Amino acid sequence: MTRKGKFLKNSSVTLLFFLLSSFIAIFSRKIYLEGLGEDALGLNTTIASLMDFISLLELGLSASACASLYGPLATHNEKQVSEIAWIIQYFYRYISYGVLVVGFVLGVCVPFYIDVSTIPIGEVYCAFTVFVLSVFANYYWGYGRIVFQADQKNFIPVLIINASIIIKNILQMVLTLALHSYLMWLLIEVVFNCLSYLFLKFKFYKNYPYVSSTPLLPFKKLVLNYQNLFVITKQNSIHSLAGFVSRQSNTLIIAFMLSLSSVTLWGNYCLINSKISSIYYNVSQNAWAGIGDMIAVEKKEYVMDRFKKYYLLNWLVVGCLNISYLFLISPLIELWLGRQYVISSSVVFALVITNLLAVHSNSCQAFLAGYRLFGFVWVPIMEAVANIIVTIIAIHFWGLSGAAWGGVATGLICSVWKPVYLFRYGFCQSIKKYLLFIQKLVLITAATICFVKISMPLLVAHIKYTHFMNFLFLCFVVFMMTVCIMVLLLLMLDSYSRSLVKMCPKYYAKRW
């Protein structure tokens with residue numbers, strides 16, 4: 001199967017489960033709020049953020065190992081694949097033990113950083129234990145997911161893990177409606193998480209029978225043979241730390257400076273925002289292995305052309321989704337949960353800016369990983385510091401409304417240094433044409449936002465969103481209008497977009 005075929009297969013499975021899990025997550029949120037309460041959901045969100053902190057023990061090994069597997073998998077070198085897979089298994093086993101140790105230490109300190117006055121301390125510790133065991137299972141049994149991703153078979157772990165999540169959520173909703181028991185919710189959570197990773201381990205050895213569970217060489221010799229893997233891992237560990245701070249520090253700061261109920265308000269918006277980001281990130285991540293394979297065998301001119309196409313497609317998808325999110329999220333929260341859960345529009349605007357800036361970062365990151373470029377480790381440290389400082393200052397002066405601006409600060413730094421680093425050390429070309437291209441896309445996006453903003457009052461006047469079906473129709477109209485405007489402006493103002501459209505008939509003629 002070609003790279004395009006593998007990408008389409010992985011993306012279709014990812015998108016299908018994304019839509020299913022998004023529907024269930026939105027539907028279940030309402031049930032959990034009524035059946036478990038705001039504090040229980042706020043506790044889940046806070047502990048999940050802490051679990052991301054514990055996951056830093058992985059030190060970026062997954063991204064480094066995935067990048068190191070592109071070459072051996074492309075050349076069908078089973079010996080190297082088996083050796084790298086065993087290294088991953090070896091370190092993940094000890095990372096899982098580290099998760100238990102760090103989890104125990106953090107668990108002892110729970111009353112110092114989580115407000116336990118509104119929820120029984122026993123339930124807090126049970127929740128913490130469940131989340132720690134879930135992370136442990138991920139590392140102890142789920143290491144095969146890295147090889148699947150590198151081999152462009154990401155649909156297998158996506159299918160196993162997401163099917164488990166969907167079944168788990170349905171069962172949790174039914175029992176929450178029947179029993180209103182948070183402890184039962186936690187029991188189902190840990191059982192299904194462990195079973196899904198056990199089944200993933202079984203599928204891994206079934207698909208790669210040549211991978212041995214015991215070392216083919218002495219460990220010291222393996223380390224000497226793959227020194228570059230460990231160098232990249234050391235560099236990538238700093239990037240992983242910065243990624244954690246960017247993703248999860250806001251939730252922890254809100255929990256510390258405000259309250260668990262404020263975390264729930266923030267979490268409602270972030271739930272929808274994360275689902276929208278997941279469309280882009282999970283689907284585009286399916287192309288990362290293909291990009292690594294392409295870099296390993298193709299010329300730089302070809303790779304550069306594919307980068308531009310990849311970036312343009314990402315910007316179009318993310319731009320349309322986030323413009324729709326900008327104008328529809330507050331009406332959705334009001335219809336879904338109630339007016340009391342609607343927060344300031346400045347938070348929504350900041351989240352949209354962060355997502356658009358992430359297109360620069362993630363599009364470049366896919367090719368940086370393909371070239372195995374994980375240097376400039378001082379920049380992620382600057383990102384982390386900027387995110388924390390801006391978030392604390394913004395929350396101090398504006399409360400919850402200022403929570404999202406730390407992500408904007410981090411996004412601005414990423415959108416500058418990653419393209420510069422990629423073009424200098426990866427493509428070895430000038431960045432000027434890229435900057436002109438980005439400037440054009442930003443202006444097109446700004447024009448689209450203005451047009452949709454002018455049109456929204458007219459649409460809302462004609463489509464009353466008092467019911468979910470009406471609201472879904474409004475979402476469809478707004479999204480399609482956004483797509484049409486952006487595509488039209490791209491075709492009018494960008495010659496590269498016009499050339500891609502002209503290539504489509506030739507491409508499909510060859511296919512037929």
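This is a short talk on some helices and aromatic contacts in one structure.

Okay, so first thing: what you're looking at is a predicted model.

Let me start with helix α17, which covers residues 405–427. Does its length add up, or what should we expect from it? With 23 residues at 1.5 Å a residue, α17 should span 33 Å, and its end C-alpha atoms sit 32 Å apart, which agrees. As for cover, 17 of the 23 residues in α17 are buried, so "mostly covered" is the label under the cut-off of under 20% relative accessible area. Right after α17 comes C428, and its phi is positive, near 55°.

On to the rings. How many aromatic pairs does a search of the whole structure find? The count is 33. One of them is F136 with Y140: the ring centres are 5.2 Å apart and the planes are at 15°, so this pair is stacked. Both residues belong to helix α6, residues 121–141, and they are four residues apart, about one turn of the helix. Here's the general bit: an α-helix has 3.6 residues a turn, so residues three or four places apart point the same way. On accessibility, F136 has a relative accessible area of 16%, which makes it buried, while Y140 comes in at 28% and is partly exposed.

Now take F204 and Y205, another aromatic pair, this one edge-to-face, at 5.1 Å centre to centre with 65° between the planes. F204 counts as buried, because its relative accessibility is 2%. Y205 has 22%, so that one counts as partly exposed.

There's also an aromatic cluster to click through. Its members are F307, Y310, Y311, W315, F367, F423, F427, Y434 and F437. Two of those names, F423 and F427, take us back to α17, given its range of 405–427. And if you like cation–ring geometry, which residue lies over the face of F437? That's K308, at 5.0 Å from the ring centre.

Last stop, helix packing. Helix α2, residues 38–54, packs with helix α12, residues 260–285, at an angle of about 75°, and the axes are 8 Å apart. An angle from 65 to 115 degrees counts as roughly perpendicular, so that's what α2 is to α12. Where do they touch? On the α2 side we have E38, D39, L41, G42, L43, T45 and T46, and they meet L260, S261, V263 and T264 in α12.

That's my tour, thanks.

Terms used: Residues numbered from 1 in each chain as written. Predicted model: local features only at pLDDT ≥ 70, side-chain atom pairs only at ≥ 80, totals over all residues. Heavy atoms only, no water. Helix = DSSP H or I, 4+ residues; strand = E, 2+ residues; numbered from the N terminus. Expected span 1.5 Å × (residues − 1). Buried < 20%, exposed > 50% of the residue type's maximum accessible area, 1.4 Å probe, protein only. Phe/Tyr/Trp six-rings, centres within 6.5 Å; stacked < 30°, edge-to-face > 60°. Lys NZ or Arg CZ within 6 Å of the ring centre and 35° of its normal. Axes fitted to C-alpha atoms, helices over the stretch in contact; angles between N-to-C directions. Parallel < 35°, antiparallel > 145°, perpendicular 65-115°, else oblique. Contact = heavy atoms within 4.5 Å.
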